[in-house]
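I opened this model to look up its aromatic rings and the helices around them. My notes follow in the order I took them.

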Amino acid sequence: NEVIKSYTGMTPYQYCIHVKINKAKERLASGEVSVKEIAWQVGFDDQYYFSRLFKKKTGCSPSQWMDMHQPD
């Protein structure tokens with residue numbers, strides 16, 4: 001636990017969430033699958049919990065992120 005925190009500045013749980021949110025950002029930007037599917041792909045059983053956590057960490061909902069980052 002202390003080793004991870006010394007390298008990342010985050011607890012193992014925080015780092016795990018950080019990684020999952022970053023993976024979700026990449027997949028949302030592709031626009032190829034639904035928010036529900038992406039939540040499941042990155043390890044969340046509850047789409048609504050994923051959406052709340054995503055908004056807390058990024059400042060926007062997963063669907064807003066998807067809309068803002070899809071190629072034209």
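I started with a charge and a ring. K20 lies over the face of F44, and the distance to the ring centre is 5.1 Å. I note here that the model is predicted.

Next I looked up the aromatic pairs. A pair of aromatic rings is described by the distance of the centres and the angle of the planes. With ring centres required to lie within 6.5 Å, I get a count of 4 aromatic pairs. For F44 and Y49, I read 5.9 Å between the centres and 50 degrees between the planes, so this pair is tilted. F44 also pairs with F50; the centres are 5.3 Å apart, the planes stand at 50 degrees, and this pair is tilted. I then followed the ring pairs outward and found that they link F44, Y49, F50, F54 and W65 into a cluster.

Which of these rings are buried, taking under 20% relative accessible area as the cut-off? F44 has 6% relative accessibility, so I entered F44 as buried. F50 is at 0%, so F50 is buried. Y49 has a relative accessible area of 32% and is therefore partly exposed.

I moved on to α4, which covers residues 47–58. What span should the 12 residues of α4 have at 1.5 Å a residue? The expected span is 16 Å, and the end C-alpha atoms of α4 are 16 Å apart, so the two agree. At the N-terminal end, D46 caps α4: I find a side-chain oxygen of D46 at 2.8 Å from the backbone nitrogen of Y48. After α4 comes G59, with a positive phi near 90 degrees. I list F50, S51, L53 and F54 as the buried residues of α4. These buried residues pack against α2, α3 and α5.

Last, I checked α5, residues 62–69. Its buried residues are P62, W65 and M66. Looking down the axis of α5, I see the buried residues fall within an arc of 100 degrees, so they line one face of the helix. D67 and M68 are exposed and sit on the face of α5 turned away from the buried side. What covers the buried residues of α5? The cover includes α2 (12–30), α3 (35–41) and α4.

I closed the entry by putting the two helices beside the ring cluster. F50 and F54 are buried residues of α4, W65 is a buried residue of α5, and F50, F54 and W65 are among the rings linked in the cluster.

Key:
Residues are numbered from 1 along each chain as its sequence is written. This is a predicted model: local features need pLDDT of at least 70, side-chain atom pairs count only at pLDDT 80 or more; totals for chains, interfaces and linings use all residues. Side-chain values use heavy atoms; hydrogens and water are left out. Rings of Phe, Tyr and Trp (its six-membered ring) pair if their centres lie within 6.5 Å; planes under 30 degrees apart count as stacked, over 60 as edge-to-face and the rest as tilted. Buried means under 20% relative accessible area, exposed over 50%, partly exposed in between (1.4 Å probe, protein chains only). A charge sits over a ring if NZ of Lys or CZ of Arg is within 6 Å of the ring centre and within 35 degrees of the ring normal. Helices (H or I, at least four residues) and strands (E, at least two) are DSSP runs, numbered from the N terminus. The arc is that of the directions from the helix axis to the C-beta atoms. Contact means heavy atoms within 4.5 Å. The expected span of a helix is 1.5 Å times one less than its number of residues. A polar contact is a pair of N or O atoms within 3.5 Å; within protein, one must be able to donate a hydrogen and the other to accept it, and residues adjacent in sequence count only if both atoms are side-chain atoms.
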